[in-house]
Amino acid sequence: MKYSVLGPTGVRVSRVCVGTATFGVAPSSQDADGVVGAALDLGINFFDTADVYGSTPTFDRPGAPPAAEREPAEEILGRALAGRRDEVVLATKSGERRFDPDAGLSRRYVIRQVEQSLRRLRTDRIDLYYAHFPDPTTPLEQTLAVYDDLIRQGKLRSVALSNHPAWQLVEALWIADDRRLVSAPVCAQVPYSLLNRSAEDELAAACVRFGLSIVPYAPLHGGLLADLAVLDRPFAGDKRYGGPGFSDGEIAVARELDRLAREWGLEMPQVSLAWLLSRPAVASVIVGAETVDELRANASAADVELTTEQRDAVSALTAALPR
């Protein structure tokens, strides 16, 4: 496993990060221990979760317990990391408003959610804490101020923004500098893959300019950029979260990517993730592996170095697509 320094923190994180959005569904709460253990054995030291992962209706699917009967992903992850907490960089987040009308990034809500996350994760500090989504009802200054307080209390180590546009990231940096806060964002988490390159419009340039990292989620576009067999699954892509399936155009790109990977003697997820890890400012990619075998296949991408010609060939597959 290879490692990158996360933004200006000086902290080394594995180039592959384990995402836990579907913990409790796939893998089940029992199987999640095996996935986490395999990740640690592979040298992965970066884990990503959120206060709403696992136990909200977004992740419902046939064969899994209903949301009300599932453990939060944070609890599952905290239990799986018992005795090994100090070996990892632990990231979580709060602020998604879909299932809680009181949710957001207000001082009151953030403090409550941090305390609950600490309890569920069985830890006394969170290494990286994200504002999950923008909150139009709370001034960004208030959110950064409460993060600052929590860092000074030792409950948070660093903070970051998730799903925020580039202009809000830059505004947050300006506020932190103007207010002399210790809580300036260190990275940005956004959807980013060969089939979703909107991060390249403005965010990547901003992160390069200010020394921040990008930590992409959905780097395999719901599995389509990992294995064409995903097309035979009843739940793949956004369908795992109640969204639509893949478009014909996306499938065509995936088929050509699969052809290139075979031509180069590589696996499809290796090419997809190695290409993304070569993009400016990308420090680590969050993979939502549902099995140990998927995790191992994804982790191997950290050791793949594509040639310039290979990177260009992959980029060309979607260079002309609208962002």
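**Exercise 1. Locate A281 and state its backbone feature and its exposure class.**

Solution. A281 sits in the loop between α8 (268–277) and β10; helices (H or I, at least four residues) and strands (E, at least two) are DSSP runs, numbered from the N terminus. The phi of A281 is positive, about 75°, although A281 is not a glycine. Its relative accessibility is 22%, so A281 counts as partly exposed; buried means under 20% relative accessible area, exposed over 50%, and partly exposed in between (1.4 Å probe, protein chains only).

The model is predicted: local features need pLDDT of at least 70, side-chain atom pairs count only at pLDDT 80 or more, and totals for chains, interfaces and linings use all residues. Residues are numbered from 1 along each chain as its sequence is written, and side-chain values use heavy atoms, with hydrogens and water left out.

**Exercise 2. Do the same for R180, then find the cis peptide bond.**

Solution. R180 belongs to the loop between α5 and β8. Its phi is positive, about 60°, and R180 is not a glycine either. With 63% relative accessibility, R180 counts as exposed. The cis peptide bond runs from A26 to P27, with omega near 5°. P27 is placed in the loop between β3 (16–19) and α1.

**Exercise 3. Describe the sheet and its edges.**

Solution. Start with the order: the sheet is open, has 8 strands, and reads β9-β8-β7-β6-β5-β4-β3-β10 with parallel pairing. Two strands pair if DSSP finds at least two bridges between them. Next, take the edges: β9 (213–217) and β10 (285–287) each have a single partner strand, so one side of each is left without a neighbour in the sheet. Neighbouring strands are turned by 30° against each other on average, direction ignored. Finally, examine one pair: β8 (residues 187–191) runs parallel to β9 and is joined to β9 by 5 bridges. Within this pair, Q189 has V215 of β9 as its bridge partner.

**Exercise 4. Decide whether α2 is enclosed, and describe how α2 packs on α3.**

Solution. Of the 8 residues of α2 (residues 73–80), 6 are buried, so the helix is largely enclosed by the rest of the structure. The buried residues are A73, E74, I76, L77, G78 and A80. They pack against α1 (32–41), β4 (46–48), β5 (89–94) and α3 (107–121), where contact means heavy atoms within 4.5 Å.

The axes of α2 and α3 are 7 Å apart, and the packing angle is about 40°. Axes are lines fitted to C-alpha atoms, for helices over the stretch in contact, and angles run from 0 to 180 degrees between N-to-C directions. The pair is therefore oblique: angles under 35 degrees count as roughly parallel, over 145 as roughly antiparallel, 65 to 115 as roughly perpendicular and the rest as oblique. E74, E75, L77 and G78 of α2 meet S117, R119, R120 and L121 of α3. By class, this contact has 2 nonpolar, 2 polar and 4 charged residues (Ala, Val, Leu, Ile, Met, Phe, Trp, Tyr, Cys and Pro count as nonpolar, Asp, Glu, Lys and Arg as charged, the others, Gly among them, as polar).

**Exercise 5. Characterise the contact of α4 with α5.**

Solution. The axes of α4 (residues 140–152) and α5 (residues 166–179) come within 10 Å and cross at roughly 60°, which means that α4 is oblique to α5. L140, E141 and L144 of α4 make the contact with Q168, E171, A172, I175 and R179 of α5. These divide into 4 nonpolar, 1 polar and 3 charged residues. On the sheet, α4 lies across β6 (126–131) and β7 (156–162), at about 155° to β7.
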